[in-house]
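Colleague: Please take me slowly through one part of this model, the protein surface that faces the DNA. I'd like the contacts spelled out.

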There are 2 protein chains.
Amino acid sequence: MSDRDDKGRVATIFDVARLAGVSHQTVSRVLNDLPNVRPATRARVEQAIKQLRYVPSPAARALVTRRTRTLGLIVTGAPDYGPSSTALHFNEAARDARYSVITASMLETDAAVMRSAAELLVRQNVEAIVLIAAQRAALDALDGIELGVPLIAVASEDRGGMHRVWLDQYAGARLAVDHLVSLGHREIRHLGGPPNAMDAAERVRGWSAALAEHGLPAREPLLGDWTPGSGYVHGRVLARDAEMTAVFVSNDQMAIGVMHALAEAGLSVPDDVSIVGFDDIPEAAYVAPPLTTVRQDFDALGRAAMAGVLGVLGDDERLVPEPSVPDLIVRASTSAPSRDRVALTP
Amino acid sequence: MSDRDDKGRVATIFDVARLAGVSHQTVSRVLNDLPNVRPATRARVEQAIKQLRYVPSPAARALVTRRTRTLGLIVTGAPDYGPSSTALHFNEAARDARYSVITASMLETDAAVMRSAAELLVRQNVEAIVLIAAQRAALDALDGIELGVPLIAVASEDRGGMHRVWLDQYAGARLAVDHLVSLGHREIRHLGGPPNAMDAAERVRGWSAALAEHGLPAREPLLGDWTPGSGYVHGRVLARDAEMTAVFVSNDQMAIGVMHALAEAGLSVPDDVSIVGFDDIPEAAYVAPPLTTVRQDFDALGRAAMAGVLGVLGDDERLVPEPSVPDLIVRASTSAPSRDRVALTP
DNA sequence: TGACCATGCACCGTAAGATCT
DNA sequence: CAGATCTTACGGTGCATGGTC
């Protein structure tokens, strides 16, 4: 596979041309599938390419075409299940479309670091930049600055000046609440994500809209930070609320913490309190009790991001697919409310 | 930031040269910090660079130097906490060293896909390829084929023909078992990872070596697949083993499943059975009970991979650091064995 | 005339040799 | 003579132009 001649040089288009007895331009035409090449000539060139194991130089090609078939990907935040999965599937979709992806990952959402990473990508002549970032601040960091290349954000809030793909967090939250309401719950509380998280805000919106539609009260939501620890802390608070019979938790990690706190307080899930999470992380089906949750299709999201790129670049006229709506996965952490608790509600 | 003139062109080295009143070669000398440039001239050139917002074209530079300052990263398998963290920190370390990283992620460890991804990276003239792969098959896929660039594998088993960085899984496993032994446990079972996982094999090795050293029996280990579900399945088997008082589980996800199964069987953790996991995932501190586990320093691992790259490329003479030894994090899932169970052992 | 193919040049840097002060 | 600077060549493509049958 090392494709090198005696002098350690890889074959060039001129080597191929000489071997095939044509000009380098004809080789170029064959490479790029252009017309006006006689089939016999084409065959000779292809034979020479194979024989010399010639592969075109991306650097030389990029220099003259100013196209690199390379995309930039910026991912901020901890390597949690959602963003990591989205990045993985985006990467696979890009490879399928014969694009390379230069990735810039960073734990912190620091505006200066993000901007310098974006500039680095632009200098590498990426054709578009995809941003996977849960926090609003990540969009702010790249908003307004003129990158010179299209920016596609995976984000659940709208923003001028950049393209966007997302999953319907609002609809997912409504699924969760509708499920609890249909089981007979009337006092349904919410543990949300951090205030700067766009997904969290959409889920709060869905929760309160669903409650309003059913004429049910919406108590002030609690706000965690996505971690199991914050779920535990707020779970202890929720355990003292004798009126509520169900909690819609904004992600599965916090839901695990909530269930732990409820168990410690002597409350049974789902007999005393029903719990619905969000994401369907791998652990969700195997905690005690298995968690009813809202599954997000990160595969679709990653592919949608790539579809967005192709749409913007004009490679592909296919429209970017509609945002997919999450699925409710009913497991054992939800059931009809117990008589005792129902009796307490007004 | 769009750095373009009226015709939409970015500045070239010639534009800078003209503005500074020097030749483009002098500009190049300034860019590359070469000597023999008068301070006054250097200042004029730097002023012109700033004024035109000139940045050198990586494509043109790569064409002539055959160096791209770009690395390839291949990551296989699900986006679990360990590999995702390692990839993140490697990425940050690479950026600190002013390298770009082209990433190829793939869910499946398919030899053909891996090889074509590696070839794609080589065509992009990456200067080295880093492989993060838990499975032995991933090393097999790239073993032997002549890539033409150095390959640095993050892998816990040795392999000819490639450089390697790793965390000391064997020592980590010994820490876990030593902890259990020091608490008084004498019948310590093991739930390992899948047979094709290199980390899993090392942990089995550490577990059995520690037992042998203490003169304790090593029963045949069970083998899961890293998922919480497989932990649950094997946990039900373990629950019927009346003699064992502790289980060393090869990762935290499976440990969660095991604890769930034990709880279902009416066994208390740690009163009846002590559990030690591996990894210290974010959930570990908040499950019930909080999990004693072996923390791996994925940050150090990612940086070690980058150090390995720099070492191979000769950019940096600093030695690749010694593999770091994991830390034991003692939480509530381990305690001295109960009298009842101890009495049962011979 | 049109299908086929060759020639020259641009792209934007770095490296080596030539020239000037 | 040597430090400072310039001139020339080159890398590997794709595009525009032109030539030939």
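Modeller: Happy to, with the labels first: helices (H or I, at least four residues) and strands (E, at least two) are DSSP runs, and they're numbered from the N terminus. Keep in mind that this is a predicted model, where local features need pLDDT of at least 70, side-chain atom pairs count only at pLDDT 80 or more, and totals for chains, interfaces and linings use all residues. Residues count from 1 along each chain as its sequence is written, chains are lettered from A and ligands numbered from 1 in the order in which they are written, and side-chain values use heavy atoms, with hydrogens and water left out.

Let's start with DNA strand D. A residue is near a strand if one of its heavy atoms lies within 4 Å of it. There are 31 residues around DNA strand D, and those that come nearest are Phe14(A), Gln25(A), Ser28(A), Ser23(B) and Thr41(B). H4(A) is the biggest giver to the surface near DNA strand D, with five residues. The elements that each supply at least two residues there are helix H1 (13–20), helix H2 (24–31) and H4 of chain A, plus helix H2 (24–31) and H4 of chain B.

For the make-up of that surface, Ala, Val, Leu, Ile, Met, Phe, Trp, Tyr, Cys and Pro count as nonpolar, Asp, Glu, Lys and Arg as charged, and the others, Gly among them, as polar. On that scheme, the surface near DNA strand D has 12 nonpolar, 14 polar and five charged residues. Turn to the DNA side: of the atoms of DNA strand D within 4 Å of the protein, 62% are sugar or phosphate, and the rest belong to bases.

Now the individual polar contacts, which here are pairs of N or O atoms within 3.5 Å. Gln25(A) goes to a base: an N or O atom of its side chain is 2.6 Å from a base nitrogen of DNA strand D. Ser28(A) has a side-chain N or O atom 2.7 Å from a phosphate oxygen of DNA strand D. From the other chain, the side chain of Thr26(B) puts an N or O atom 2.8 Å from a phosphate oxygen of DNA strand D.

On to DNA strand C. It has 28 residues around it, with Ser23(A), Thr26(A), Thr41(A), Arg66(A) and Ser28(B) coming nearest. Of the atoms of DNA strand C within 4 Å of the protein, sugar and phosphate make up 72%. The surface near DNA strand C splits into 10 nonpolar, 14 polar and four charged residues.

His24 turns up here in both chains. A side-chain N or O atom of His24(A) is 3.4 Å from a base oxygen of DNA strand C, and for His24(B) a base oxygen of DNA strand C is at 3.0 Å. Arg66(A) goes to the backbone of the DNA, with a side-chain N or O atom 2.4 Å from a phosphate oxygen of DNA strand C. H2 and H4 of chain A, along with H2 and H4 of chain B, are the elements giving two or more residues to this surface. H4(B) gives the most, with four residues.

So H4 is worth a look in its own right. H4(A) and H4(B), residues 58–65 in each chain, pack against each other at about 145 degrees, with axes 8 Å apart. Those axes are lines fitted to C-alpha atoms over the stretch in contact, and angles run from 0 to 180 degrees between N-to-C directions. Touching the partner helix (contact means heavy atoms within 4.5 Å) are Ala59, Ala60, Ala62 and Leu63 of H4(A) and Ala59, Ala60, Ala62 and Leu63 of H4(B). By class, that's eight nonpolar residues, no polar ones and no charged ones.

Finally, how the chains relate. A 180 degree rotation with 0.0 Å of shift along its axis lays chain A on chain B, RMSD 0.2 Å. The two copies are therefore related as by a two-fold rotation axis. The fit is by least squares on C-alpha atoms of residues with pLDDT of at least 70 in both copies.

How values were computed. Polar contact = N/O pair within 3.5 Å; in protein donor to acceptor, adjacent residues only side chain to side chain.
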